[in-house]
Amino acid sequence: MEKNPDDVSNIHNRFSLTLINPSSHYFSLAGSLIVAAVISLATYFGYLSYIEGDEIWYRIPAVIGVLVLTQLLDTRFTKKKEYSKSLHSSLFGNMLWVVTLLMGLLASVILSKEPSLFFVTFGMFLFASFRIGIYTTTLGVSIKKAWAICFVQPLAMFLTLIPQDMWIPLLTEPIALGYGMSFMIIASIWSILTDRAGRPGMESTHKTIQAYLASQGNDFTEAEDIMEQRSDETKVSTSQIKLSSSNGETEFRMVLPEIHPGPYHPVGGSNIPYLIYKNLDSSAMVMHSISDHALNLPSKNEVENYLKNLENSKVKEEGIQCTEPVIVQINKARVTGLLFGNHPLLILSLSPHGMEDIPSYMKTEIEQYAKNRNYSRIMIVDSHNAMGEEISKEDGLDMLKAAKSCLDTLISKNNFQIEFGYANSEGMDVWTEDLGMGGLGIVCLKINEKKYFLGWADANNMENGVREKIIENFAKKEYQLLEICTSDTHYAPVKARNRNGYYQLGLITSADKLSKWLFEIAKIAESKTISAKFEILENETKVKVMGQDIYQDYSKALDNSLKITKGFSIGGVLLFITSLFL
């Protein structure tokens, strides 16, 4: 299932535009009140300076009071009754009004003319036009309803701000009405066109945006419904290496699901690594397979279906011996391998240089090579432990060479009795904003009287260089840490207001602190080391996955919407500029 990786990154970049909203509705509330005061001051000292007396000083609190009341009233008109979005739209709408007033004053200075009250009325109309656009796109209001309510806040503020005897002359002034109605019609046409921008693949761009925004408030039902309707049923496999003591009291599993975490927190399988981890009694490392967002589970229903069927895994091979680890480094590419019976495990990394998800063509080629060497099913882990772009052709070839060399070497390696010990961060105070709910884990493998450690973090990738620092810290204490892998969870303990939308491990928490935690866990794992047998488990489950088309359609809709918006913005700015010369 191959898809253009640019679709996901493109969607990610477009939705990152939502970060222009203030992080707190308190900020929007305070900001809108300050802007309303500036509107009042600019109107009276810039446009109504001939009015004598202290009228301005009671007009300001009156305007602010009306603003607060209409902000509360606005929540009654929106689909989700959201006060925060009412405040955000109010802030930006009032900012548009104050910019109009200030531009009018600047034009009067440059053109040496008297300030025209046209700009007070025009600013109010622009505020109303903005409300048509914002209410239809993000708040789920129809065009007709948007027209009915678009004047509620701006007109109430206008009537409170302007002396009563000036209401009729200003509101019936032909030029102001002409410009104002033009922008309202432009906003309506823009709204209709952007809503249809994704057709035929996406019926309504606005509904998709509204569902996304609602999901950021933990109301993900609508988003999951939209995604599940577009998803297709397919078979996905899950491989496991199960290590257990002879009495069966101690066990550990390394899990390699074919599904990919996502699409984004908190929708669908965004937290699937942790859910698998808990489903296996918190004694597992859920690795990142060679997969991409086309293999996302779209809803909680599909997540439950997947987890339920995970119990039906079949044993494909078992034994008590494995090889010592083999590490092959070719330029930037590094592959770590172990052989359990006839089932090889390869862990691929480009750290500290980093890369995006390993493309599926590499998985296909490595699997075919393993098959040609008469291996049973190969398990390939994308360690996902450094940030980067899509892997280059050169690095990809090096990675393939390293993987093939590792497989060749494993054939001739001797097998030894396995001992293992596992520990994790449960019960430790390791909560941090760049770590998922599964925390940290370490498995200690004792093979041929030598101890090897493999680290794991329930995190969405790692900050470049953090892996190297941790391994260096382990080496100083004479502990061989083979690799640190992340689950690529898309769970976010906090909303990261950055371009990525998440905090990669090591961005918030220092490498030294992570080393300290991991070393403490490693010591516990080492103390639990016990003779073991291994079992290779395989499972196939029918689930709905999102596939590639949905991302292509979303990407197309957002691109088209942005092009439409740019065109209308340029036209709107040019029309606005003409008003400055009136």
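**Notebook: a predicted model**

I looked up D281 and found a relative accessibility of 66%, so I entered D281 as exposed. I record at the outset that the model is predicted. D281 sits in the loop between α12 and β3 (284-286). I noted a positive phi for D281, near 60°, in a residue other than glycine.

**Entry: a second positive phi**

I turned next to N374, in the loop between α14 and β9. Its phi is near 65°, again a positive value in a residue other than glycine. Is N374 buried or exposed? N374 counts as exposed, at 62% relative accessibility.

**Entry: the chain as a whole**

I then looked up the totals. The protein chain has 18 helices and 14 strands. Of its 582 residues, 55% are buried. The C-alpha atoms fill a box of roughly 95 × 45 × 40 Å along the principal axes. I also checked the contacts between residues at least 6 apart in sequence, and 80% of them join residues at least 24 apart.

**Entry: helix α3**

I examined helix α3, which runs over residues 55-74. At 1.5 Å a residue, its 20 residues should span 28 Å, and the end C-alpha atoms are 28 Å apart, which agrees. Its buried residues are E55, I56, R59, I60, V63, V66, L67, T70, Q71 and D74. These cover an arc of only 135° around the axis, so they lie on the same side of α3. W57, Y58 and L69 are exposed on the other side of α3. Which helices do the buried residues of α3 pack against? I found α2 (25-47), α4 (83-110), α5 (118-137) and α7 (152-161).

**Entry: helix α7**

I followed that contact to α7, where Q153, P154, M157, F158, T160 and L161 are buried. Seen down the axis of α7, they fall within an arc of 165°, so they line one face of the helix. The cover over the buried residues of α7 includes α2, α3, α4, α5 and α8 (167-171).

**Entry: helix α11 and T541**

I looked up helix α11 (residues 221-230) and listed E222, A223, E224, M227 and E228 as its buried residues. Among the elements that cover them are α10 (205-215), α13 (300-309), β14 and α18 (549-579).

In strand β14 (residues 530-545) I selected T541. T541 has a relative accessible area of 2% and is buried. Its side chain makes a polar contact of 2.7 Å with the side chain of N539. Leaving out residues up to four places away in sequence, I found that T541 touches T234, K235, V236, N305, Y306 and N309.

**Entry: H260 and its surroundings**

I located H260 in the loop between β2 and α12 (272-279). At 1% relative accessibility, H260 is buried. Which side chain is joined to that of H260 by a polar contact of 3.3 Å? It is the side chain of H288. Neighbours within four places in sequence aside, H260 is in contact with H288, S291, D292, H293, L295, N296, D357, D488 and H490.

P263 is also in the loop between β2 and α12. I noted that the peptide bond from G262 to P263 is cis, with omega near 10°.

**Entry: another cis peptide bond**

I recorded a cis peptide bond between R199 and P200, with omega about 5°. P200 is in the loop between α9 (174-195) and α10.

**Entry: S392**

I placed S392 in the loop between β9 and α15 (393-411). S392 is partly exposed, with a relative accessible area of 33%. A polar atom of its side chain lies 3.1 Å from the backbone nitrogen of D395. I also compared S392 with I378: the two are 14 residues apart in sequence, and their C-alpha atoms are 24 Å apart in space.

**Entry: cavities**

How many cavities of 30 Å³ or more does the structure hold? I counted seven. The largest cavity has a volume of about 130 Å³. It is lined by 13 residues, and S237, S239, L256, K363 and R377 lie nearest its centre. I traced the lining of the largest cavity to β1 (232-245), β2 (251-257), α14 (360-372) and β9 (379-382), each of which supplies at least two residues.

Technical notes. Residues are numbered from 1 along each chain as its sequence is written. This is a predicted model: local features need pLDDT of at least 70, side-chain atom pairs count only at pLDDT 80 or more; totals for chains, interfaces and linings use all residues. Side-chain values use heavy atoms; hydrogens and water are left out. Helices (H or I, at least four residues) and strands (E, at least two) are DSSP runs, numbered from the N terminus. The expected span of a helix is 1.5 Å times one less than its number of residues. Buried means under 20% relative accessible area, exposed over 50%, partly exposed in between (1.4 Å probe, protein chains only). The arc is that of the directions from the helix axis to the C-beta atoms. Contact means heavy atoms within 4.5 Å. A polar contact is a pair of N or O atoms within 3.5 Å; within protein, one must be able to donate a hydrogen and the other to accept it, and residues adjacent in sequence count only if both atoms are side-chain atoms. On a 1 Å grid over the protein atoms alone, a cavity is a set of points where a 1.4 Å probe fits but cannot get out, and a pocket is an open set with protein on both sides within 12 Å along at least five of seven lines; lining residues have an atom within 4 Å of a point. Grid points are joined across faces, edges and corners, and a volume is the space filled by probe spheres set on the points.
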